[in-house]
Amino acid sequence: RLKLGIKKVIICDSYDDEFLGKEQIAKVASEYFLNIISENDVIAISGGTTVKSFVDIINVKKAYNKVAVIPARGSLGNGLEYQSNVVANNLSKKLKANFFGTFLPDYLDELTFDRLKDLEEVKTLIEYLNKINILVFGIGRADAMAKRRSLTEDEIKILNEKNAVSEAFGNYFDIDGNIVYSSNTIGLDMEQYLKIDEVIAIAGYGEKYKAIISICKIRKNMTLITDKETAIRILSVL
């Protein structure tokens with residue numbers, strides 16, 4: 001925690017089996033999450049395998065009828081069950097909360113982005129994005145996310161030249177947390193992200209240690225939940 005300079009780090013045991021390892025991270029994250037949420041919260045959640053496991057494994061024992069759950073971003077590539085929209089909808093069902101989402105793609109050209117901002121469902125989502133007080137998200141490696149977003153060869157060349165290691169909210173960052181490339185996205189932006197009260201990042205395995213360091217540089221008031229092996233790799237870099 002002190003090395004990363006963030007509020008809290010929760011470290012789980014590492015497993016040789018990556019699936020079991022991510023499941024353990026998800027279980028610990030779900031327990032932490034249930035201890036901090038309350039009525040009237042607006043919760044945003046990203047997609048991805050670890051975050052999907054977090055929702056699958058969560059054991060909710062009461063109803064949160066006044067809570068709103070929204071996706072942190074639009075739809076991304078293949079794998080419907082891992083999309084932010086689907087994950088957010090599933091979490092809202094488990095919490096017995098309200099769901100507000102959009103099934104628009106995450107990555108848009110500027111003209112389409114400007115036109116879509118006038119749609120009622122997008123306006124509603126943007127309204128809720130400005131009210132988020134809890135965010136649960138996974139941390140993506142820049143190279144993996146560039147592939148999922150089908151970035152062009154020229155865009156990937158820029159990422160490589162500028163040593164991008166992580167991606168979050170439509171932005172790609174170097175290991176020091178500097179934005180090296182941005183794209184238009186439907187969903188949470190950096191300004192909104194920095195205003196959120198409680199931010200929970202859940203990530204481990206898949207050589208994500210540099211990406212985690214990078215995201216932790218962006219804001220200090222956050223909680224990271226990761227595995228022991230990844231934590232050791234982070235310390236070795238720091």
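Helix α9 lies across strands β6, β7 and β8 and runs at about 50 degrees to β7. Here, contact means heavy atoms within 4.5 Å, while axes are lines fitted to C-alpha atoms, for helices over the stretch in contact, with angles running from 0 to 180 degrees between N-to-C directions. Helices (H or I, at least four residues) and strands (E, at least two) are DSSP runs, numbered from the N terminus. The model is a predicted one, in which local features need pLDDT of at least 70 and side-chain atom pairs count only at pLDDT 80 or more, whereas totals for chains, interfaces and linings use all residues. Residues are numbered from 1 along each chain as its sequence is written, and side-chain values use heavy atoms, with hydrogens and water left out.

Turning to the sheet beneath this description, 4 strands form an open, antiparallel arrangement in the order β6-β7-β8-β9; two strands pair if DSSP finds at least two bridges between them. Its edges are β6 (140-141) and β9 (179-182), each of which pairs on one side only. Strands β7 (residues 166-168) and β8 (residues 171-173) run antiparallel and are joined by 3 bridges, with E167 standing opposite Y172 in β8.

Helix α9 (residues 209-218) also packs with helix α10 (residues 228-237), at an angle of about 65 degrees and with the axes 9 Å apart. The two helices are therefore roughly perpendicular to each other (65 to 115 degrees). On the α9 side, Y209, I212 and I213 meet T230, R233, I234 and V237 of α10. By class, this contact has 5 nonpolar, 1 polar and 1 charged residues, where Ala, Val, Leu, Ile, Met, Phe, Trp, Tyr, Cys and Pro count as nonpolar, Asp, Glu, Lys and Arg as charged, and the others, Gly among them, as polar.

Notes:
Angles under 35 degrees count as roughly parallel, over 145 as roughly antiparallel, 65 to 115 as roughly perpendicular and the rest as oblique.
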